[in-house]
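Dear colleague,

I am passing on the structure below, followed by some notes on what was found in it. Please read the notes with the model open beside you.

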Amino acid sequence: MRGSLIQRSCMVLVGLSLLCAAAAISSPAAGQSASGSARMWEQLISGAATLRLPTGFLKAMPPDFVQFEFDDLRTYAAEYHPGEHRMVLNRTLSFHAAGRDVRPLTTMTSKELEVLYHELFHAYIDYLESKESGGVLPGPEQGLIAFAREMQVCRYREVLITPVIQRSHETEVRYLSDPEAWEALNETWAVFVGWAIWNQLEIEKKGRRSMNDTAQLSGEWVSRFRRAIEAGEFRGYYAPQDPDERRVTQKRFLAPGSQLSLEESQRLMKQVLGLPEKIIEAAAKAVGQGKNISVGRPCQVEPS
Ligand SMILES: [Zn+2]
């Protein structure tokens, strides 16, 4: 949905599921000043480094790309507005709830950090989209957006959805438009990134050591990844464009059969989560024999 005014709102529901809502917005609110947002960006990166959370993809973006705001979000924990590069965080995530500076990441709960990283990932995709055609992105970033475009066509153009979200075994096929497929990909990937952050934090809290340097802890992360894949947890949604379908529902959720593929998860583990190769290989091996992970189908992307 390049260039359109889209509001993405995320809320935490039961268990680990993180859902976002998309809706058209009409009036952009005033954001922090550019320098204030850049200062917050530096604070975010420094806090993330202290918590051993991924910072590489954040450092790839200019510090003033995302404009931060705080608001009393009642239903949602956070929102991201791609067209305006604007992130609205719940006021509870600000220092002393004053709505000026982001709270130190070290004071946030695992769930708050999951939501924050979910939104930060949307910001990263927004950044890659904004530079996609300029030929200015470094190789890894250009490679990731090119891979995302390939998946948009090859994987998210035809998906299985769950008409009733609580009944994940009842599915229907849908053929998605380009914006719908892009939204489904963006949300699916963000769900995985948020999941990875929450689980890393919980595992390191219990183990009191770095997951990446401790075989037992990284093994625990890999086991959780395998179980999540088996349960079909890595699924996004899209807002249907068809007016008839929109009358039925504002959002369609992908079914387990259309969850994140192994190849997509490996790309994200490497480039966004910055996981060591040995963990990525172990994760691939752990789910390799599973039935619930798609290996993808051969697909030709037509030149645009
Ligand atoms: Zn989202």
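Two residues are taken to be in contact if their C-beta atoms, placed from the backbone, lie within 7 Å. On that basis, and leaving aside its neighbours within four places in sequence, Phe 192 is in contact with Phe 234, Leu 260, Ser 265 and Leu 268.

Please bear in mind that this is a predicted model, in which local features need pLDDT of at least 70 and side-chain atom pairs count only at pLDDT 80 or more, while totals for chains, interfaces and linings use all residues. Residues are numbered from 1 along each chain as its sequence is written.

The protein has nine helices and nine strands (DSSP runs, numbered from the N terminus: helices are H or I with at least four residues, strands are E with at least two). Of its 304 residues, 40% are buried, where buried means that 20 or more other C-beta atoms lie within 10 Å of the residue's own, exposed means 12 or fewer, and partly exposed is in between. Among contacts with a separation of 6 or more, 65% are between residues 24 or more positions apart.

Phe 192 also appears in the largest nonpolar core, a core being a set of buried Ala, Val, Leu, Ile, Met, Phe, Trp, Tyr and Cys residues joined through C-beta atoms within 7 Å. This core has 76 residues, and Phe 121, Ala 184, Phe 192 and Val 193 touch the most other members. Helix H5 (residues 178–207) supplies the largest share, 15 residues, and at least three residues come from each of domain 1 (1–121) and domain 2 (132–304), with bounds from an automatic or database domain assignment.

Helix H5 also packs against H6, their axes coming within 10 Å and crossing at roughly 140° (axes are lines fitted to C-alpha atoms, for helices over the stretch in contact, and angles run from 0 to 180 degrees between N-to-C directions). H5 is therefore oblique to H6, since angles under 35 degrees count as roughly parallel, over 145 as roughly antiparallel, 65 to 115 as roughly perpendicular and the rest as oblique. Among the residues making this contact are Trp 195 and Ile 203 of H5 and Leu 217 and Trp 221 of H6.

Helix H6 (residues 215–230) packs with helix H9 (residues 277–288) as well, at an angle of about 40° and with axes 9 Å apart, so that H6 and H9 are oblique to each other. Trp 221 and Phe 225 of H6 and Ala 283 of H9 are among the residues in that contact.

With best wishes
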